[in-house]
Structure formats: structure tokens, C-alpha cells
Amino acid sequence: VSRPVDVSVAVRRARHEDWLGVEPLLREVDTLHAELAPGYFRTGARAEIEWRRLLGDATAAAWVVPDGAAGTLGFLSLRIYETPPEPTMVPRRRAHLETLVVATRARRQGIGRRLVAAAADWARRQGAVEMVLTTWAGNAAADAFYERLGYRVLSRVLHAVI
Ligand SMILES: CC(C)(COP(=O)(O)OP(=O)(O)OC[C@H]1O[C@@H](n2cnc3c(N)ncnc32)[C@H](O)[C@@H]1OP(=O)(O)O)[C@@H](O)C(=O)NCCC(=O)NCCS
């Protein structure tokens, strides 16, 4: 039975007690990645200890869109990275968007866009000048979404089975 989705609920920083709502979303994105890149990803139980580590990590930040019923409609996490001190690299602080997932039932309602906007605002205030992320080949929804938000391809990772 699908419940109506209340997208008026705001984006907020994730808290420890969000784990129960976030875990099914992580399962969704893990399943997708296992389908897209089975040589790299497989589904498996995500441990709550990792969640606690993420929330306790000063270089990381996470946001949720709660649905008001102890569930979660969307989740985003990022990490701030400094450029390694290489003479050939431009020193810049960047935010790496690590995970973004919106519950299947809540997609195409602007939740992903709002999560990215909140994360980018925060990252900017930390001195980051750029958001960087990876999408896996075949993820058409993610490609269309990031393209729409103004993201452009920076590099391509090639592989061959040997
Ligand atoms: C990618 C994802 C996060 C988008 O979240 P969302 O809340 O549905 O996105 P929004 O509603 O904010 O979309 C903003 C715009 O992006 C574009 N867009 C989003 N999903 C799209 C899709 N499936 N096909 C085409 N365009 C899409 C549209 O232009 C959309 O605006 P519109 O609905 O007014 O046309 C969601 O599809 C998802 O969770 N996918 C599975 C996990 C994943 O792939 N995560 C990202 C890679 S790690």
C-alpha cells in the first residue's frame, strides 16, 4: 500500500536515530550498484557501526529527508577532501558526494535536488569550491539528474577484463 508522500518535510542533518530509516535506502542503492557493476559491488548487510562512524567523522556530513513516520525519503552523504600537496595539482578543497538515494516511491518530486542543494550550501560554507562524484555506467536516472543540475563529466574510468 503506497502512502502519499509529504515532500513539504524539510531536508535536515542526519542523526543517530535515522539509521532505521536510512538502512532500507542504502539497500536500494547497494542493489542498484550490484546490478550495474557486479564485478565491484554486491549486496550485504550494512552495519550500524559504519553509520555511527560516518556521523562522528568531522570531515563527513549527512542529510536526510524524513517522511514524518520514522521513515526516510532521501539520504545524502559527502566527505570534504583537500588536494594532496602535489606540485602538479591545483590546491582546492572539494566535497565528494559519496551516497545519494531517494526512495523509489518518492522520486521525481525534487527531493534529490533539495538534498544536493543543502549539501552544496554546507560544503561551500566549509570552504569547498566544487562537488565531485562518481556515477556507474548504465545509471541513466543519475546521469539525467546530475546533468540537469549542471554537473559535467570530468574524467572517464576505463576497464578491461584481462
Ligand atoms: C538519482 C536520484 C537520486 C534522483 O532523485 P530524485 O529525487 O528523483 O530527483 P529530482 O526529483 O530532484 O529530479 C530533479 C531533476 O533531475 C532530472 N531527473 C531525475 N530523475 C530522472 C530520471 N529518472 N530520468 C530523467 N531525468 C531525471 C529531471 O530533470 C528532474 O526534474 P523534473 O522531475 O522536474 O523533470 C534517484 O533517481 C535515485 O535515488 N536513484 C537511485 C540511486 C542513485 O542512482 N543515486 C545516485 C548515484 S550514487
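In what pattern do helices and strands follow one another along the sequence of the protein chain? I read the pattern as β-α-α-β-β-β-α-β-α, with four helices and five strands in the chain; helices (H or I, at least four residues) and strands (E, at least two) are DSSP runs, numbered from the N terminus.

I noted that this is a predicted model, in which local features need pLDDT of at least 70 and side-chain atom pairs count only at pLDDT 80 or more, while totals for chains, interfaces and linings use all residues. Residues are numbered from 1 along each chain as its sequence is written, and side-chain values use heavy atoms, with hydrogens and water left out.

Next I looked up burial: of the 162 residues of the protein chain, 35% count as buried, meaning under 20% relative accessible area with a 1.4 Å probe, protein chains only.

Then I turned to the ligand, which 19 residues surround, the closest being L100, V102, G110, G112 and N139; a residue is near a molecule if one of its heavy atoms lies within 4 Å of it. Which element gives the largest share of the shell around the ligand? I found that helix 4 does, with six residues. By type, I listed the shell as 11 nonpolar, four polar and four charged residues, where Ala, Val, Leu, Ile, Met, Phe, Trp, Tyr, Cys and Pro count as nonpolar, Asp, Glu, Lys and Arg as charged, and the others, Gly among them, as polar.

Last, I checked polar contacts (pairs of N or O atoms within 3.5 Å): a backbone N or O atom of G110 lies 2.8 Å from an oxygen atom of the ligand, and a polar backbone atom of R113 is 2.8 Å from a ligand oxygen atom.

How values were computed
A polar contact is a pair of N or O atoms within 3.5 Å; within protein, one must be able to donate a hydrogen and the other to accept it, and residues adjacent in sequence count only if both atoms are side-chain atoms. Buried means under 20% relative accessible area, exposed over 50%, partly exposed in between (1.4 Å probe, protein chains only).
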